[in-house]
Amino acid sequence: MSRLAAIEDKVRAGERLSFEDGMALFLSPDFLRLGTLANQVREKLHGDRTYFNVNMRFEATNVCEASCSFCAFAKLEAGAPGAHTTTHEAAWQELANHPEPRLTELHMVNGLHPHLPFEWYVELLQGWKRVRPSVHLKCFTAVEIHFFAQKFGMSYEQVLTRLRAAGLGSLPGGGAEILHPDVRQRIATDKADGAEYLAVHRAAHKLGLPSNCTMLYGHIETFEHRVDHLLRLRELQDETSGFQCFIPLAFHNENNSLRKLPEPTAVDSLRTIAVSRLLLDNIPHLKAYWVSMGVATAQTALRFGADDLDGTIVHESIYHAAGSRVPMALSRHELVRLIREAGRVPVERDTTYGVVEELPRAEVPEAALSVRERLADKRSLSVLVGH
Ligand code: V47
């Protein structure tokens with residue numbers, strides 16, 4: 001029996017896959033068969049349901065003490081060209097003025113600013129809650145929480161408890177990069193290490209705060225490092241069950257110190273989605289983040305194990321600084337269209353996977369419809385095509 005056939009038997013019997021299985025999956029040349037297997041697991045968990053949300057991104061500051069070699073977003077010092085720190089008023093206004101009444105989530109990631117006091121972040125969240133109390137605040141990576149704990153002399157629990165009291169609802173998954181020290185010490189030397197990243201998530205889960213987790217792939221790491229990373233996340237999830245979603249993040253190579261490295265291909269991204277779905281048997285959701293993977297690959301990933309596309313976003317800086325050519329935003333209509341065209345059922349969710357609205361599936365592939373039926377914009381065809 002081939003190695004892949006033996007793994008297929010294990011998956012169908014509900015048996016847990018090993019490190020060696022993970023390596024065999026990454027090395028298997030038959031990536032369509034791998035995708036089919038991951039798709040079966042995805043359909044067993046979620047059927048055709050495919051999640052998205054109406055969210056916005058916010059970066060309060062890109063000033064950052066850390067100097068990660070993959071990062072094109074951070075500026076080392078306040079006052080450096082391009083360095084930016086918001087005012088509270090501007091941040092609150094941006095949420096107050098957000099045009100989408102269906103907005104359910106604000107996702108914030110920041111640099112590690114050397115001078116902002118802890119109270120500044122507390123007041124930022126409190127103000128957002130005053131402006132739009134129903135919006136879920138998914139803010140601060142584990143790396144930021146670790147930074148606050150060290151800088152302000154608090155435990156992770158104390159930092160998280162104070163932020164939760166100010167309105168924090170969950171932690172995003174950023175900052176995981178590659179957890180294995182051999183890689184982390186080369187690309188992210190001066191921030192939370194792998195054990196500290198996991199310890200922050202453990203503390204959050206114990207306090208009842210859900211979180212996501214990520215993996216930055218396609219740079220200097222090997223498949224061994226990727227499998228090791230996935231198994232470290234799986235081990236913590238066995239202990240806490242607090243991760244909602246895993247998001248593999250494709251490396252982008254512009255404007256950073258790793259610019260000589262090639263970026264991962266679409267096949268590598270699809271393979272990574274599939275292997276992640278198979279190894280992470282205890283994390284319910286797997287996100288194909290369209291900003292990092294590209295819209296076309298993320299849509300295809302919905303048949304390789306992914307069940308979530310993230311959201312509308314509106315303004316994103318981390319990937320656009322590093323060369324991403326995808327648009328800054330996708331409308332709700334565009335996300336629904338991508339999901340339907342992949343033969344799936346679009347489900348608008350909130351941050352913790354509560355259903356906001358389940359939409360009907362497409363009866364036929366959208367390309368089979370007339371152009372009038374396909375367009376959200378219902379002005380006359382002659383206006384739309386220009387004569
Ligand atoms: O932590 C930075 C990564 C992350 C680059 O939790 C890069 O729902 C590729 O974590 N090439 C931030 N990746 C984004 C993130 C995220 C995104 C969407 C949803 C969620 C969620 C989390 O972006 C960083 C870092 O790992 N990153 N620079 C780059 N050049």
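# Exercises on a predicted model

An open sheet in this structure is built from four strands, arranged in the order β9-β1-β10-β11 with mixed pairing. The structure is a predicted model, and the exercises below start from this sheet before turning to charged pairs and to individual side chains.

## Exercise 1. The sheet and its covering helix

Determine which strands stand at the edges of the sheet, in which sense β1 and β10 pair, and which helix lies across the strands.

Solution. Begin with the strand order, β9-β1-β10-β11. β9 (308-311) and β11 (355-358) each have a single partner strand, so one side of each is left without a neighbour in the sheet, and these two strands stand at the edges. From one strand to the next, the twist averages 25°.

Next, take the pair formed by β1 (residues 49-53) and β10 (residues 345-349), which run in the parallel sense and are joined over four bridges. Within this pairing, Tyr51 has Val347 of β10 as its bridge partner.

Finally, look for the helix: α15 (residues 332-341) lies across β1, β9, β10 and β11, and its direction is at about 165° to β1. Val336 belongs to this helix, and with a relative accessibility of 7% it counts as buried. Leaving aside residues up to four places away in sequence, Val336 touches Phe52, Pro346 and Leu359. Phe52 falls within the residue range 49-53 of β1, and Pro346 within the range 345-349 of β10, which places these two contacts of Val336 in the paired strands.

## Exercise 2. Three salt bridges compared

For the pairs Glu105 and Lys138, Arg232 and Asp228, and Glu254 and Arg325, establish where each residue lies and whether it is buried or exposed.

Solution. The general background is that side chains of opposite charge can pair when their charged atoms come close. The structure holds 26 salt bridges, and the three pairs are taken in turn.

Step one concerns Glu105 and Lys138, whose side chains meet in a salt bridge at 3.4 Å, N to O. Glu105 lies in strand β3 (residues 105-108) and Lys138 in strand β4 (residues 136-139), so the pair ties together parts that are 33 residues apart in sequence. Both Glu105 and Lys138 are buried.

Step two concerns Arg232 and Asp228, in whose salt bridge the closest N and O atoms are 2.7 Å apart. Both residues lie in helix α10 (residues 223-240), where a spacing of four residues amounts to about one turn of the helix. Arg232, at 28% relative accessibility, counts as partly exposed, whereas Asp228, at 18%, counts as buried, the cut-off for buried being under 20%.

Step three concerns Glu254 and Arg325, which meet in a salt bridge at 2.6 Å, N to O. This pair links distant parts of the chain, 71 residues apart, with Glu254 in the loop between β7 (243-250) and α11 (266-279) and Arg325 in the loop between α14 (318-321) and α15. Glu254 has a relative accessible area of 28% and is partly exposed, while Arg325 reaches 65% and counts as exposed.

Beyond these pairs, a network of salt bridges links Glu43, Asp48, Arg303, Arg344 and Arg361.

## Exercise 3. Buried side chains and a surface patch

State what Phe147 touches, what Ser28 touches, and which residues make the nonpolar surface patch.

Solution. Phe147 lies in helix α6 (residues 142-152) and is buried, with a relative accessible area of 9%. Not counting residues up to four places away in sequence, it touches Glu65, Leu112, His113 and Pro114. Phe147 and Gln126, by contrast, are 21 residues apart in sequence, and their C-alpha atoms are 20 Å apart in space.

Ser28 is found in a loop, the one between α2 (19-27) and α3 (31-46), and at 8% relative accessibility it counts as buried. With residues up to four places away in sequence again left out, Ser28 touches Leu4 and Arg271.

The surface patch is made by Val371, Leu375, Leu381 and Val385 and covers about 280 Å². Val371 has its place in helix α16 (residues 371-374), and it counts as partly exposed because its relative accessibility is 34%, which lies between the limits of 20% and 50%.

Definitions and conventions
Residues are numbered from 1 along each chain as its sequence is written. This is a predicted model: local features need pLDDT of at least 70, side-chain atom pairs count only at pLDDT 80 or more; totals for chains, interfaces and linings use all residues. Side-chain values use heavy atoms; hydrogens and water are left out. Two strands pair if DSSP finds at least two bridges between them. Axes are lines fitted to C-alpha atoms, for helices over the stretch in contact, and angles run from 0 to 180 degrees between N-to-C directions. Contact means heavy atoms within 4.5 Å. Patches are made of residues with over 30% relative accessible area and no salt bridge: like charges are joined within 9 Å, nonpolar side chains (Val, Leu, Ile, Met, Phe, Trp, Tyr) within 5 Å. Accessible areas come from the Shrake-Rupley method with a 1.4 Å probe; for residues, only the protein chains shown count as cover. A salt bridge is a side-chain nitrogen of Lys or Arg within 4 Å of a carboxyl oxygen of Asp or Glu. Buried means under 20% relative accessible area, exposed over 50%, partly exposed in between (1.4 Å probe, protein chains only).
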